[in-house]
Amino acid sequence: MAKAELTQVVTPKCQKLADQLNFELVDVCLDKESAGKYLRIYIDRPEGISLDDCERYHRAIQPQIEAYDYDFLEVSSPGVDRPLKKDRDFERAIGSEVEVKLFKAMDGQKIITGILTDFDAADMVITVGETEVRIPRKAAAIVRPVVDMEGVETVDLSE
C-alpha cells in the first residue's frame, strides 16, 4: 500500500467510521515487520476504549479496506502514554509532564522532560525546573505524557 493510498483512501474511511461510532481516530499507520505488513488503527474516546469497542470497529472497517495491501489488521487504544501529535493532543496535555525525544541533541540533551506550558504550530514550550525551553515541534521524534505509576495497584499473577 502506497503512503498516498493510506492517507487519501484508507484514513478517510477509518475517520468516517470513527465519526459514525463517536470515536476519535487517533492514528492510522502501516508498519512493515518481519511477519508482514500491519495496518494499525488507533481509536479513543473520553471515557476510554474497551475491547468490545475495538472489536466492533474492527468488524465494521475490515470489509471496507480488505482490497488494500496489508497482512494484519489491528485496532486498539493508543494507551495512556499516547504520543502527542495533533494540536488537540497538545491542548489536553497543557500543564502536564511530558517527555520529548529529539531527533538531534539540543544543548547536549536528546531527551527533555518537563511541564508542557504552551505550544503553537511551530514550537512547544516545556518548563524544566525554573527554565522555559522552546523546542521546535519538527525537532521532536516523539512527545509523550509522563505516566505516574506510583499508587497504582499491582496484581500478583504468580499464585
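In this predicted model, Arg 40 and Glu 74 are joined by a salt bridge whose closest N and O atoms are 2.7 Å apart. The two residues are 34 positions apart in sequence, and the bridge links distant parts of the chain, with Arg 40 in strand S2 and Glu 74 in strand S3. It belongs to a count of 19 salt bridges. The points below treat these ion pairs, then helix H2 and its packing, and finally three individual residues.

**Salt bridges between distant parts of the chain**

- The two partners of the Arg 40 and Glu 74 bridge fall into separate accessibility classes: Arg 40 is buried, at a relative accessible area of 12%, whereas Glu 74 is partly exposed, at 32%.
- Because buried means under 20% relative accessible area, Arg 40 at 12% falls in the buried class.
- A salt bridge also connects the side chains of Lys 37 and Asp 69, with an N to O distance of 2.3 Å.
- This pair likewise spans distant parts of the chain, 32 residues apart: Lys 37 belongs to strand S2 (residues 36–44), and Asp 69 to the loop between helix H2 (51–65) and strand S3 (72–76).
- Asp 69 is partly exposed, with a relative accessibility of 37%.
- Arg 137 and Asp 87 form a further salt bridge, in which the closest N and O atoms are 2.8 Å apart.
- Arg 137 is located in the loop between strand S7 (131–136) and strand S8 (140–145), while Asp 87 is in helix H3 (residues 87–93), so their bridge ties together parts separated by 50 residues in sequence.
- Within this pair, Arg 137 is buried at 17% relative accessibility, and Asp 87 is partly exposed at 39%.
- One network of salt bridges with shared partners comprises Glu 24, Asp 44, Arg 82, Arg 88, Asp 89 and Arg 92.

**Helix H2: length, cap and buried face**

- H2 contains 15 residues, which at 1.5 Å a residue should span 21 Å; the C-alpha atoms at its ends are 21 Å apart, in agreement with that expectation.
- The N-terminal end of H2 is capped by Ser 50, which places a side-chain oxygen 3.4 Å from the backbone nitrogen of Asp 52.
- The buried residues in H2 are Asp 53, Cys 54, Tyr 57, Ile 61 and Ile 65.
- The cover over these buried residues includes helix H1 (3–20), strand S1 (24–33), S2 and S3.

**Packing of H1 against H2**

- The axes of H1 and H2 are 10 Å apart and make an angle of about 145 degrees.
- The crossing of H1 past H2 is right-handed.
- From H1, the residues Val 10, Lys 13, Cys 14, Leu 17 and Ala 18 take part in the contact; from H2, their counterparts are Tyr 57, Ala 60, Ile 61, Gln 64 and Ile 65.
- Tyr 57, Ile 61 and Ile 65 are therefore H2 residues that meet H1 and are also buried.

**Cys 54 in H2**

- Cys 54 lies in helix H2 and is buried, with 9% relative accessibility.
- Leaving out residues up to four places away in sequence, Cys 54 touches Ile 43, Ile 49, Val 75, Ser 76 and Ser 77.
- Tyr 42 is twelve residues from Cys 54 in sequence, and their C-alpha atoms are 8.9 Å apart in space.

**Asp 44 in S2**

- Asp 44 is situated in strand S2 and is buried, its relative accessible area being 15%.
- The side chains of Asp 44 and Arg 82 make a polar contact at 3.0 Å, and both residues belong to the salt-bridge network described above.
- Apart from residues up to four places away in sequence, Asp 44 touches Phe 23, Glu 24, Val 26, Ile 49, Pro 78 and Arg 82.

**Ile 142 in S8**

- Ile 142 is part of strand S8 and is partly exposed, at 24% relative accessibility.
- Its contacts, aside from neighbours within four places in sequence, are Pro 83, Glu 99, Val 100 and Lys 101.
- The C-alpha atoms of Ile 142 and Tyr 70 are separated by 25 Å, and the two residues are 72 residues apart along the chain.

Key: Residues are numbered from 1 along each chain as its sequence is written. This is a predicted model: local features need pLDDT of at least 70, side-chain atom pairs count only at pLDDT 80 or more; totals for chains, interfaces and linings use all residues. Side-chain values use heavy atoms; hydrogens and water are left out. A salt bridge is a side-chain nitrogen of Lys or Arg within 4 Å of a carboxyl oxygen of Asp or Glu. Helices (H or I, at least four residues) and strands (E, at least two) are DSSP runs, numbered from the N terminus. Buried means under 20% relative accessible area, exposed over 50%, partly exposed in between (1.4 Å probe, protein chains only). The expected span of a helix is 1.5 Å times one less than its number of residues. Contact means heavy atoms within 4.5 Å. A polar contact is a pair of N or O atoms within 3.5 Å; within protein, one must be able to donate a hydrogen and the other to accept it, and residues adjacent in sequence count only if both atoms are side-chain atoms. Axes are lines fitted to C-alpha atoms, for helices over the stretch in contact, and angles run from 0 to 180 degrees between N-to-C directions. A crossing is left-handed if the near helix is turned anticlockwise from the far one by less than a right angle, and right-handed if clockwise.
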